[in-house]
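Please look over the structure shown here with attention to the surroundings of its ligand and to the packing of two helices. The briefing is meant to be read alongside the coordinates.

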Amino acid sequence: MASDPHAQELADERAAENQYKEAMDRRARMPIPTQGARNTLWTGTGQVKLPVGGFGQFVGRVALVGPDPEHLDGRSDFYIGDGHYELDGVEVFHWSARVACTFFRGSTHHPLCERVAVIRTYAHRNGGISEFYDEAIVDDPPGVPFRRRVLSIPAAPTRAVLPTTGRSLSTKPAAQSAPGKSDAAKTQPLGPEPVKAASAKGPGSPEKDGLRAADLLHARLAAPRSDQLASVLSTLQPDQYEVVAAPGRTNCIIEGQPGTGKTIIAAHRAAFLVSPAIEDQDKPEGKVMLVGPSRQYSHHVAHLLERLAPATRDLIVVSLQELLEQLTGRSENRVWGPPSYSWQDVSQELADFAFKAWRRITSAGRPKYAKLRDAVEHVYETLRVNGGDRPLTTEHEWREYLRRLPRFRDAQDDRSLQPLLAYIGGQVQPLRALQGIGHVIVDEAQDVHPLEWAVLTEINAGGYWTLLGDLNQRRSDHTEGSWKNVAAALAIEDEDLPLVRLQRGYRSTRPIIQFANKLLPKTERELASLQNEGPEPLVVTTKTLSPEAVAQASGLLDRHPHGTVAIIDTDPEPTREELRARGWIADRADVTRWRRDSRMLTVIDPDHARGLEFDGVVVVEPWAFPPNLGRQGQLYTALTRPNRELVIVHQKPLPEELRGRRR
Ligand SMILES: Nc1ncnc2c1ncn2[C@@H]1O[C@H](COP(=O)(O)OP(=O)(O)OP(=O)(O)O)[C@@H](O)[C@H]1O
């Protein structure tokens, strides 16, 4: 082992990371920041700012073609990590600092991008570096691209192996001579020969073009999933980084099929925008709000954000449902019915009438209300009687609609009227916690109704937007049918809302995507999965739906003992009963999670499964998934939740498009 140069270099990197971790720990315990930026790479301005603390994990390392006197004081390599630090004369830059584009390989926007020779990516296991991967960016990289900071490693095989953890490195900068001229530089490369990075423009398959850290990426995609999304900084791809690191005072729509990394981009972008290490001109003018579809989604991204944006007060993560609950004061499980009965329930016009009604009520001064609820009721009832003597609208269709609205006390229990009541609530008394927002990121944006856009627009008045979605996954006819309409709802000119189309499928295997894509029109069946191999989806016809679903889920748990498994069902209650009968117990905090012994199973309806993923999924009775506009958005979403295995259990006939494979 001691003679293996790669093992030695790995040990050296582990020791360096341990030292970095200790430094970050010390910094976290420091009450007052004492350390500022040492040059303009980190802050862009040279001004001293709060030190950017992290957990002390390396993301990667960059070697230049030679020393750089201008930006690196004559050094030729540096680390990318989760906190800024100088480690024995080698700088660690924060992953959100502009210089990090040298590592992530987005389009060049730092002078050093032109001078990169090799990038090194770290893989971690159990909190420590388990491996590193080098990729050559130039054809003739330096023999020893990365300066060894510990040069006392003995060459003789009989000598002791370097300890792999807890080793304190020399505080003297190891290679004071310029890199490339040190002793080590005269030897062969210590790591494995760097692999030449894929060319962003070179030939190949669309899903593989421009991939970086490809081996590590494939290993990560094949690994079992946990119920929370992990940071993927080390394998973040150039096209993803490009969107993550776009300036905070710009708008963007990001569209992509299921599993193309939209949620990954949404969460990393949120962390980027609140990072103290980004350039002033890239910062949004205010706080950042990440809006997802459900509580489960907020839980799904929580771990990632705790890692990447620790201890910030500038980031609010909230689901659309929670937002409506806060504005109406009504919890989700106290309202009934579908999200909308007609397009009018959730239309922008209804918001306009409510706005008009509130303006009219307050035109001579705001009346005094004992409770906020009374004010909301006043506006709602004014709407219901179409303004009384002075109609809010003379359009027949709208007059009829307003006339048919239920009384306020019934409206409060009606799910389809929650967006309206939330909009009114926001007018009457905006939520204090949501003031000062400068950028809103909306994931699953295809499912936001026009009236909900009106609620969000009130919160993000004058701010910027990052919208992520997939129109093929729309779950309702009453949401916007095109991004152009969404732009109009936000009053943004088309040219100020560029559309980025993601084309690489990270989550599901090719057989799963091929199966689910049968629900799409032929022209939209894109297939760019990075995971080619995997079992074909299994279709099981049965007369006993719930027992079969639970049996199939148990089989998936056997096959994925370290992964996650879900049953997605439009009517989960019979499945829950079946689980209870077999000794499973629902989690009190989240009733979608069921446990027995050490096993965990999620039982969830399609609405709450949006944005989530599992290693194995059982989809129950596709026939029962409601189509919209002749499309199967909800079913399509459910079929594309699994990473590795999909089982369909059905009694009624399958939708026409899916017929063909059965057991
Ligand atoms: N650069 C990456 N490195 C490693 N894993 C990645 C990367 N990008 C995406 N993934 C993984 O791919 C999976 C799917 O990503 P994500 O959930 O962001 O897709 P999505 O487009 O939001 O899907 P959907 O629309 O179906 O909810 C996740 O497990 C995520 O960790």
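What follows covers the ligand shell, an annotated region and one helix pair. The model is a predicted one, and in it 23 residues surround the ligand. The shell around this ligand draws at least three residues from each of domain 2 (238-243 + 250-501) and domain 3 (508-658).

**Ligand shell**
- The closest of the surrounding residues are Val-232, Pro-258, Lys-262, Thr-263 and Tyr-506, and the elements that contribute two or more residues to the shell are α6 (214-222), α8 (262-273) and β14 (505-509).
- Divided by class, the shell around the ligand holds eight nonpolar, ten polar and five charged residues.

**Annotated region**
- An unreviewed UniProt entry carries the annotation "domain: UvrD-like helicase ATP-binding" for residues 235-509.
- Over residues 235-509 the chain is 40% helix and 13% strand, with the end C-alpha atoms 18 Å apart.

**Packing of α8 with α9**
- Helix α8 packs with helix α9 (residues 295-308) at an angle of about 30°, and their axes lie 9 Å apart; the crossing of α8 and α9 is right-handed.
- On the α8 side the contact is made by Thr-263, Ala-267, His-268, Ala-270 and Ala-271, while α9 supplies Val-301, Leu-304, Leu-305 and Leu-308.
- Sorted by class, the contact of α8 with α9 comprises seven nonpolar and two polar residues, and no charged ones.
- Thr-263 appears both among the closest residues to the ligand and among the α8 residues that make the contact with α9.

Definitions and conventions:
Residues numbered from 1 in each chain as written. Predicted model: local features only at pLDDT ≥ 70, side-chain atom pairs only at ≥ 80, totals over all residues. Near = placed C-beta within 6 Å. Helix = DSSP H or I, 4+ residues; strand = E, 2+ residues; numbered from the N terminus. Nonpolar A, V, L, I, M, F, W, Y, C, P; charged D, E, K, R; others polar. Domains from an automatic or database assignment. UniProt positions renumbered as here; feature names shortened; annotations may be inferred. Axes fitted to C-alpha atoms, helices over the stretch in contact; angles between N-to-C directions. Left-handed = near helix turned anticlockwise from the far one by under 90°. Contact = placed C-beta atoms within 7 Å.
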